[in-house]
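Please examine the sequence and the model shown here. A set of questions and answers on its sheets and helices follows the display.

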Amino acid sequence: MIPVRLDEIARLRLGELEGGGEITGIKADSRAVGVGDLFVALNTGVRFVGDARERGAATLVPDDQERALAALASLLRAKSDAQVVAVVGSVGKTTTKDILGALCAPHARTIWAEKSLNNEIGLPLTVCRLEVDTEILITEMGMRGLGQIADLCAIARPSIVVVPHIGAEHLELLGTVEQVAEANAEAIAALPTGGTAVVPARSDALEPFLVRDDITIRRVDTHAMRAHGDATHLTVGQETVELVLPFTQRHLALNTLAALHAYDALGLPLDRAQEGVAGIRLSPWRGEEIALPGGGFVINDAYNANPDSMYAALVHLAERAGDRRRIAILGEMAELGSQSELYHGQIGHLAADFGIDVIGVGEAAHAYTPAVWVASAADVAEAASSFLRPGDAVLVKASRAVGLEGIADEIANFARAWSPSS
């Protein structure tokens with residue numbers, strides 16, 4: 001981290017500050033701190049202030065934790081000349097951020113957000129990782145209402161914004177996809193003159209917010225990518241890049257194309273983009289595939305779900321399955337408000353069209369018209385062990401609140417008992 005004097009932090013008047021010397025790390029986990037670190041006690045973390053002090057760290061018990069983190073991150077951001085990218089949108093934020101970080105890393109000193117640290121706590125903690133020599137900082141920004149992304153942009157001050165996709169999310173709070181677009185477009189409004197927005201080629205909801213003539217608008221078109229053997233050809237401007245990607249999902253290839261546009265806007269060499277591909281590590285539970293006995297597999301895509309990500313996952317399952325039997329273990333898509341039953345019903349019809357049998361989890365999953373229904377994640381393994389057979393192609397997907405992220409491993413565990421004749 002860029003070194004900060006403790007007296008600089010004291011002048012911010014953020015709460016009860018103890019310690020001395022120079023701060024070279026800001027952390028919220030008392031187990032990870034040492035001499036030179038500032039431990040910020042978030043939520044119940046106040047119980048561990050003594051532990052942090054024993055480890056040699058300075059400590060801050062904030063009066064208002066969100067304001068404190070924003071102030072600390074703003075202090076660090078003001079000391080950095082790094083180019084900052086903000087990845088926003090309804091679907092694909094984390095994977096686009098992961099891909100972009102890996103592509104940039106061989107060519108510039110790059111920091112990118114861990115996992116899905118994208119809210120009023122995660123974003124500042126990411127900014128606080130800035131080093132003196134950081135050239136690129138890639139942030140992820142999430143929201144559940146209007147004004148939240150604007151607040152995060154005020155901290156990170158991005159010059160490039162990437163919007164992989166706009167769709168139905170948080171409708172319980174925002175009401176319409178148009179308001180979802182408005183909330184995410186706050187990042188575009190925050191761009192400085194000369195900034196760049198990477199957006200979908202077609203998004204009716206986002207289009208009203210793409211009117212600035214003092215920034216560059218780059219549009220990501222599905223027609224600009226095609227598979228060619230093991231490689232994917234991706235066209236950015238007038239140049240076509242050939243990448244051998246570590247995944248087969250079409251929607252992840254589209255996220256890669258969005259990342260390449262940002263990579264190019266950062267001034268990095270398109271002809272050397274392949275150098276970063278080996279470093280791509282997607283965050284957990286996003287399309288992870290586990291082989292099963294009998295030639296089958298289970299895809300763990302259980303981190304989150306909304307109608308667009310569910311559609312993409314089912315399309316990939318159908319394409320990847322070939323002539324295997326197709327099974328989807330699907331839980332609720334949360335926060336869809338009054339349109340929840342409609343969206344769940346549409347996904348159920350799509351599954352039927354693709355010849356996918358559904359194991360539904362939770363009340364909302366009744367609308368999928370599942371072949372098997374269970375009340376909760378605790379009941380899934382037993383139902384799956386009775387329903388699945390060797391050679392099946394299986395998808396596990398739901399909103400995070402359903403808690404299906406461990407189901408793929410449970411399936412892999414009981415599948416080991418399958419005999420060749422099962």
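The questions below treat strand pairing, burial and helix packing in turn. This is a predicted model, in which local features need pLDDT of at least 70 and side-chain atom pairs count only at pLDDT 80 or more, while totals for chains, interfaces and linings use all residues. Residues are numbered from 1 along each chain as its sequence is written, and side-chain values use heavy atoms, with hydrogens and water left out.

Q: What is the order of the open sheet of six strands?
A: Strands (E, at least two residues) and helices (H or I, at least four) are DSSP runs numbered from the N terminus, and two strands pair if DSSP finds at least two bridges between them. The pairing in this sheet is mixed, and its edge strands, which pair on one side only, are strand 16 and strand 20 (372-374). The twist averages 15 degrees from one strand to the next, where angles run from 0 to 180 degrees between N-to-C directions and axes are lines fitted to C-alpha atoms, for helices over the stretch in contact. The order is 16-17-21-18-19-20.

Q: How many bridges join strand 18 to strand 21?
A: The two strands run parallel. Ile329 stands opposite Val396 in strand 21. The number of bridges joining them is five.

Q: Which residue of strand 21 is the bridge partner of Ile299?
A: Strand 17 and strand 21 pair in the parallel sense over four bridges. Phe297 stands opposite Ala393 in strand 21. For Ile299, the bridge partner is Leu395.

Q: How many residues of strand 21 are buried?
A: Buried means under 20% relative accessible area, exposed over 50% and partly exposed in between, with a 1.4 Å probe and protein chains only. Ala393, Leu395 and Lys397 point one way and Val394 and Val396 the other way, and all are buried. In a regular strand the side chains alternate between the two faces of the sheet. Strand 21 is largely enclosed by the rest of the structure, because the buried residues number five of the five.

Q: Which residue in the turn between strand 16 and strand 17 has a positive phi?
A: Strand 16 (288-292) and strand 17 (296-300) pair in the antiparallel sense over five bridges, and Ile290 has Val298 as its bridge partner in strand 17. The two strands form a hairpin with three residues between them. The phi in question is about 85 degrees, and the residue is Gly294.

Q: Is His316 buried or exposed?
A: His316 lies in helix 10, residues 307-321, which lies across strand 16, strand 17, strand 18, strand 19 and strand 21 and runs at about 170 degrees to strand 21. Contact means heavy atoms within 4.5 Å; not counting residues up to four places away in sequence, His316 touches Thr248, Gln249, His251 and Ile299. Because its relative accessibility is 6%, His316 counts as buried.

Q: Which residues of helix 13 are buried?
A: Helix 13 spans residues 407-415. The elements that cover its buried residues include strand 16, strand 17, strand 18 (326-331), helix 12 (380-387) and strand 21 (393-397). The buried residues are Ile407, Ala408, Ile411, Ala412, Phe414 and Ala415.

Q: How far apart are the axes of helix 6 and helix 8?
A: Helix 6 (residues 148-156) and helix 8 (residues 177-189) pack at an angle of about 20 degrees. That makes helix 6 roughly parallel to helix 8, as angles under 35 degrees count as roughly parallel, over 145 as roughly antiparallel, 65 to 115 as roughly perpendicular and the rest as oblique. The contact is made by Gln148, Ile149, Ala150 and Cys153 of helix 6 and Ala183, Asn184, Glu186 and Ala187 of helix 8. The distance between the axes is 7 Å.

Q: Which strands are the edge strands of the open sheet with the order 2-6-5-4?
A: Four strands form this sheet, and the pairing is mixed. Four bridges join strand 2 to strand 6 (residues 58-62), which run antiparallel, and Leu17 stands opposite Leu60 in strand 6. Helix 3 (residues 65-77) lies across strand 4, strand 5 (37-40) and strand 6, at about 130 degrees to strand 6. The edge strands, each pairing on one side only, are strand 2 (15-18) and strand 4 (25-27).
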